[in-house]
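I set out to record, chain by chain and contact by contact, what could be looked up in this structure. The entries are kept terse.

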Amino acid sequence: MHDILLSISDLNVSYGKKAILRGASYDVRRGECLTLLGANGSGKSTSLNAICGFIKPTSGSVKLMGTELAGLDPHRIFAHGVAQVSQARDLFPDLTVEDNLRLGAMRRGSSTAAQSLATTYQRFPRLADRRKQPTRTLSGGEQQMVAIGRALMSDPLLLLLDEPSGGLSPQLCEEIAQIIDILKAEGVTLLMVEQNLNLAFRAADRFIVLRDGQAVDGGDVAAMAGDHEAIVRNIYL
Amino acid sequence: DETTGITDDSISIGVMGPFSGNASSYSKAEIGLMAYYQMINDEGGIHGRKLVAIQEDTACDPAKAIAAAKKLIHQDKVFMLQGNSCSGAAVAIKPEVVDAGLPWIVAHAVSDTISTPPSANIFHGVPTGEANGNAMAAFVLSRPDTRNVAIIEHSNDWAHSYSNPARAYLKQQGIEPVLELVMERGQTDATAQVLKLKQAKPDFIIGALYEAETAIFLRDMKKYGLDTPVMGTAGTDLENTLKRVGDLDTVKNYFVVHPYVDNLDGPRMKKWADMIHKYYPDEELTNFSYIAIGSGVALVEALKSIGPDLDRAKLIAALDAIKDLDTGILSSPITWSADERRGVQGSAVAGFVDGKPTVLEAWQTPYQ
Amino acid sequence: MTSLLTVDHLGVHFSGLKALDDVSFSLEAGQVRAVIGPNGAGKTTLFNAISGYVRPTHGSVRLNGAEIAHSSPHSISARGLRRTFQNGGLFPALTVLENVMTGLHMQTEGNFIQILFGLRQARQAERDAAAKARRLLKLMKMDQMADIPASELSGGQQRIVEIIRTVASEPPLLLLDEPAVGLSPIARAQMMEIIKRLSGENGVGILLIEHAVELVMAAADRILVMAAGMRIAEGTPAEIRNDKTVLEAYLGHA
Amino acid sequence: MHTPAESRTAPRWIFWLLPILALAIPLATNPYTQFIINAMLIYTLVTLGFSVVIGNLGQLAFANTAFFGIGAYASAMAGNALGLPWLLTVPLAGLAGAAGGFLASAAALRGIRLYYLAIVTLAFGELMRWFYTHAGALTGGTDGLALDRGDIFGLQLNSDTVQFYIFLLLTTLLVAGTVNLLRSRLGRAIVAVRENEIATASLGIATSRIIVTAFVWSGFVVGIAGAMFALHTGRVFPESFGLTQLIINFAMVLVGGLGSVIGAVLGAVALTALPEYVRAFPGMEEIFFGVIVMVVLLVMPKGLASLLRRVSPIFHETHHRD
Amino acid sequence: MLMQLSIAGISQGAIYALIALSLTVIYRSTTIVSFGHGDFVMAGAFLAYILVIGLGFAFLPAGLLAIAAMFAIGIVFSRGLIRPIRGGPHIGLALMSISFGFALRGIARLVWGREVLPMPRVFDVDPIFVGSIIITGDAIFTIGIVAVLLAAFFILLHLTDIGKMVQAVYQSERGARLIGIDVSRFHDFSWGTGAALGAVGGVLIAPVSFLHPDLGASFLIKGFAAMTLGGFGSLGGSVIGGLLLGLAEQYAGAYLNTALIDITAYLLIILVLLIRPRGLFGRKVVIKV
Ligand SMILES: Nc1ncnc2c1ncn2[C@@H]1O[C@H](COP(=O)(O)OP(=O)(O)OP(=O)(O)O)[C@@H](O)[C@H]1O
Ligand SMILES: Nc1ncnc2c1ncn2[C@@H]1O[C@H](COP(=O)(O)OP(=O)(O)OP(=O)(O)O)[C@@H](O)[C@H]1O
Ligand SMILES: [Mg+2]
Ligand SMILES: [Mg+2]
């Protein structure tokens, strides 16, 4: 038996009358990186948003180590150690890079925050150069770094990543993969949505496929390695 | 129809006033009028008929007033109209009332244009702007050595209905105002105005300002050490102004148009105050509270004279027959005729004498 | 013969920072030119300078021989340049169809009077535009979504619609800023298909920023590599793949 | 679940059904109710013009009460000074309102937006009102300016019924024009500017022209409503175009449904009728107004028009949805 | 005369600044301009009045209680009326506050009738004479309070993490949620604070303006104008805007024409915004494409 961190069962989410998730169920194991795959509009972002409370599920449960998260407000879920890097990034455009990052650690004590800040700059040296610049003036990739950095600043237990590779150059994708490895080693659990299969399979341990609002398929990444063609056919068609 | 709105035991009267909005303090006039109706009704009515007021809000807004008038005339089908504060609203409904032909006694709005030139069915039952303006100017000039007069007012029809006739009167006497100032509603500081007045050194100031602005103006005059006498309108009274500013020193040189026979807390007004309080126990009494009652007295007088067989033409004729009616409340009598429908041609003034509000006929000359 | 687009010694400085430094190249009709480079290399800045959203500090941009370096965005786009935005430029309250139809605004006939009185010409033009927009949506399998507001699309779907809107008017010159971000592999392939078709069949000149190197290699005729605001290499995909500096600066891990 | 666009909007004949049915209204009214219904037609235009700018174009411009006053005074002044019959003052009032709209759009193009635009346009209206008050020779000052209503083709213009038919015609035409405008590419571009001005420009659309178009049309429609108002009340006063009027118009837009044509009609009708019902409770009007608007905003944030949309898809409007 | 006018202008301006400051506090965290704020001001003053005249409280505790009560009303308003429509158009939120204000004003008219009531002074201090120049106790007190509040909010918003949070919520609500801020409660709190500041204004203004249901309306416009002059969201800007406006009104009245006092604000605004479309201290928002 693996140690389950997050357990999602029979999750239903809809926008108005439009049902997006219909009874999706899957588990996320402690310390792993699980990737959600699926076509555009299959409900991947919706899943992440439902976990962190941005959308209230109509039914079903989201349990973090036995604690029911479904129905809680986002800030409560955040307090349980769930952070998200959203697809639209949602930075504070007129605040500087440093302020954006520091705000990520606002819920924690300031002494540890200072250290996290140093770590973040270490991970993304480019941000150190840009620390006094308002984030709206950053390039797309730089903004993505801030978004990831800000989420890490809160020292999450579970990190939700919505397309972390979006807009990042190949080297940075590789760096993200390395960061994910480090985080896993530190005991952070990751639930990732990724269309960049290179990164998805490089960084993840397992994957889950979303289709028609359900988790239909999944498996070990290792088993699938090297067979992208088949995966693409399976998942997206 | 000539008998629309009357039954064997009732006469319905449309009473329009600003019951809402930022001029709603005027509607105290209509409250006073309706209290008077109720007193008459309690005394048995007139020839067995009770006066039934149908109240309508104008909010002092012309369009709303027209709607109110049309409603009263065409939907509620009242016999006659009495009331109306706010000149603009009254002027706006005039064409409608003229067309409809029912008797209308204007009981508060002062603009002369409502009743001049005379229309067959419109009667003015309060001192009009001209009467008030003349009273103000005459009082100002009755003070020995008044040479220089300044005017301070709001830029609205209400203020102009006082200040323009006063200007005209002064001009007749060969006097041009030395200074004309504006203080708009809602202004809470009169420094600029008072400093200009200090420079111009008028002997008397005519002030057409509402309650709050009057108090602010007087307060700032005091603050900057200006003690020129100020002649105010019937829109304010001495008692409440004193209450607002808090000390007699600030208001001791303030005079108001006071169209009544006695000061507000004087013995001859007490009966009217008691009457209003009987029917409207919570009503705070101000200058406005009594202003429409005189025209009510005139109406009752006319209705009584007609006898039980009432119609609109008879009422109009009976109102025109009223001459020199002492209403017991207005300082000047009411006289109506087919070619002069401004029934009240004069007004007294009030000021503090020995710290007590006193009705005056001229500078330092008490009324009667 | 003048080129479709000629960029000459173009530079953009932000209070001391040289976001774009002396870049020159040209683009012919029917050509696909990719711009690649690390994050913050100045690629988007290059697009902004060409399309009039930032004022170049120096240099010139010519569209069909005419200088456009200091023109307003709409007048540049009115001359036939269309671009996408890296951070989303859809109209959320409009439906998918209406978003695409807005891309056809300039092609839709009907003057103010015809529109006001609802005359036949104007109404016919509307119908034609709607029909064309639907055809385009179908190409990317988005026709099912035509009548829902763009705000209700997923991230990837938004990107697809923005691209369709941008290419709808078949402009002579297209600037696509990371069009493939967030697209599923299948959608990516479809999009590349469309890009190739536009340049091949319709002779559209395309400037393409993209980090997905396999796409770039497959689609581009020529590649411009940038780093730190400067051009570091230029050539065919094959040349770039083997370029030492490029390998060091960018492709290292791809 | 999503029906195609063509069937989502009403067929054209439905539009004309309402005014045709309305022709019979005077059979069932007295001068008072007719007067109120006429006011509803006037406020439909005011609300519609306002809604195009704040709802569709998304600019927080509060100049519409100013356009209303400009139209009303243009009509009254042209009648007084030039002796024009009322009917001929209508296009003049429309043009004067449109000129006001142009001025307001100039502020927006100058980069004055959002709350800045709100107060600049509000200032514009208050300055106009100051002008009406203090330019007595032209405007009649605080006593207002009376209209010589006269007649057209022998029909007395002071009749509420005659006014009704004229107003119905004008309102129908202007609403139809606005619907056509909003359904066209221009209407789409107006919304596009609201949603993302930068992206709109990237499609070759001259956003400044679109902004001017929306403002000028709004001014034109409201200016004509002003001329109607002048006829309706027979006398124009500066006080009719103040802040209270502005707030009521503003409420009409939102109670009906922001940016919706049907909403403009519903909002105007509802909030013109409301004070008449409240007459039964003297002194309570402000409370009623405040509470009812709050309740509508809470219960139907998309306004009364959203109720109709729930009833049938034919009430869906292009570029406007829940 | 110039000196005296300037003193009067500054003390008037301090009142405008106070209103502008309370509008700014709400705006900075909610992006909403509370157009019903004039009536919050009025309500605060009336509450103080009831406590003093009706219940016999001393002025200071009455004022503090009124401020606390308005804080509570602000929170209730935010929770009950703003929160449910938060996702809708901004204009709806503005109308909500206007309507709430209308209702408050209607209630005041209904309960206190149609009078203009005198309001007791905050501190009955004798005016100070500097040569021939007079400075009243009210003026000193108002200016002092504005200075203290400005300093307090400046420290809070510019030098603490709360200030950063306020900016974060303003710039991206989703972003704020992502970093664990309870945005709704944050908004409630801001409304409460804004309403309480409005009540401070009311308590200070009413002795000067007298007490009546419409007392807030004109101050709202002036406060809004001051805020615009200074530039939206700028604390210092709103105070400077208020003072400028107060001075301009006095000068225009004394040296040009008293009929201009009422429209000075509008003239000034049009003039300033035509030159600087974002006010004196408002930053130009650069939009990244
Ligand atoms: N706010 C919304 N209102 C209504 N429907 C929505 C909304 N957001 C998303 N949807 C719909 O929900 C479905 C799932 O969206 P979601 O964003 O979860 O997709 P996704 O799997 O993340 O796709 P992508 O890879 O494109 O980001 C889509 O069909 C989309 O149209
Ligand atoms: N308005 C601005 N003010 C200051 N610096 C800016 C501004 N705009 C861009 N920059 C800087 O210029 C550099 C180039 O930015 P640009 O957006 O062109 O990069 P890019 O090549 O598109 O990167 P990416 O691949 O990450 O999108 C970045 O470092 C960015 O921080
Ligand atoms: Mg997604
Ligand atoms: Mg970029």
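The entries below cover chain contacts, salt bridges, a surface patch, a hairpin and a covered helix.

**Entry 1. Status of the model**

I note at the outset that this is a predicted model. I read the entries that follow with that in mind.

**Entry 2. Chains D and E**

I began with chain D and chain E. I found 37 residues of chain D in contact with 48 residues of chain E. On the side of chain D, the greatest loss of area to chain E falls on D:Y115, D:Y116 and D:E286, which together account for 22% of what that side buries. The two chains bury about 3800 Å² between them, and 82% of this lies on carbon and sulfur atoms.

I then looked up the charged pairs across this interface, and the count is one salt bridge. D:E286 forms a salt bridge with E:R109, with the closest N and O atoms 2.8 Å apart. I record that D:E286 thus appears twice: among the residues of chain D that lose the most area to chain E, and as a salt-bridge partner of E:R109.

**Entry 3. Chains B and D**

I turned next to chain B and chain D. Here 26 residues of chain B are in contact with 24 residues of chain D. The buried area is about 2000 Å², with 59% of it on carbon and sulfur atoms. I found three salt bridges across this interface. I also looked up the pair of D:D160 and B:K70, whose side chains meet in a salt bridge at 2.6 Å, N to O.

**Entry 4. Chain pairs without contact**

Which chains do not touch chain D? I found that chain A does not, the nearest C-alpha atoms of chain A and chain D being 9 Å apart. Chain B and chain C also have no contact, and their closest C-alpha atoms lie 32 Å apart.

**Entry 5. Salt bridges of chain A with other chains**

Over all chains, the structure holds 58 salt bridges. I looked at two that involve chain A.

A:K18 forms a salt bridge with C:E152, the closest N and O atoms being 3.7 Å apart. This pair crosses between chains: A:K18 is in strand β2 (residues 18–29) of chain A, and C:E152 is in the loop between α5 (120–139) and α6 (155–167) of chain C. I noted a relative accessible area of 26% for A:K18, which is partly exposed. C:E152 is partly exposed as well, at 38%.

A:D90 forms a salt bridge with E:R174, with the closest N and O atoms 3.0 Å apart. This pair also crosses between chains, from the loop between β6 (82–85) and α3 (97–104) of chain A, which holds A:D90, to helix α7 (residues 173–178) of chain E, which holds E:R174. Is A:D90 buried or exposed? Its relative accessibility is 12%, so A:D90 counts as buried. E:R174, at 34%, counts as partly exposed.

**Entry 6. Salt bridges within chains**

B:R167 forms a salt bridge with B:E153, the closest N and O atoms being 2.7 Å apart. B:R167 lies in helix α5 (residues 157–172) and B:E153 in strand β6 (residues 149–153) of chain B, so this salt bridge ties together parts that are 14 residues apart in sequence. I found both B:R167 and B:E153 to be buried. In chain A, I recorded one network in which A:E174, A:D181, A:K184, A:R202 and A:D205 are joined by salt bridges that share partners.

**Entry 7. Nonpolar patch on chain D**

I located a nonpolar surface patch of about 600 Å², made by D:W16, D:I20, D:L23, D:Y165, D:L169 and D:L173. Helices α2 (12–22) and α8 (160–183) of chain D are the elements that give two or more residues to this patch. The largest share, three residues, comes from α8(D). I checked D:Y165 separately: it is placed in helix α8 of chain D, and it is partly exposed, with a relative accessible area of 35%.

**Entry 8. Hairpin in chain C**

In chain C, strand β1 (residues 5–14) and strand β2 (residues 17–27) run antiparallel and are joined by seven bridges. I looked up the bridge partner of C:L5 in β2(C) and found C:L27. The hairpin has two residues between the strands, and C:S15 takes a positive phi near 30 degrees.

**Entry 9. Covered helix in chain B**

My last entry concerns helix α8 (residues 238–245) of chain B, which is mostly covered, with six of its eight residues buried. These are B:L238, B:E239, B:N240, B:T241, B:R244 and B:V245. I found that the buried residues of α8(B) pack against α7 (211–223), α9 (248–251), β10 (254–258), β12 (348–353) and β13 (356–362) of chain B.

How values were computed
Residues numbered from 1 in each chain as written. Chains lettered and ligands numbered in written order. Predicted model: local features only at pLDDT ≥ 70, side-chain atom pairs only at ≥ 80, totals over all residues. Heavy atoms only, no water. Patch = residues over 30% accessible without salt bridge, like charges linked within 9 Å, V, L, I, M, F, W, Y side chains within 5 Å. Areas by Shrake-Rupley, 256 points an atom, 1.4 Å probe, with all protein chains shown as cover. Salt bridge = Lys/Arg side-chain N within 4 Å of Asp/Glu carboxyl O. Helix = DSSP H or I, 4+ residues; strand = E, 2+ residues; numbered from the N terminus. Buried < 20%, exposed > 50% of the residue type's maximum accessible area, 1.4 Å probe, protein only. Pairing = 2+ DSSP bridges. Contact = heavy atoms within 4.5 Å. Buried area = accessible area lost by both parts, 1.4 Å probe.
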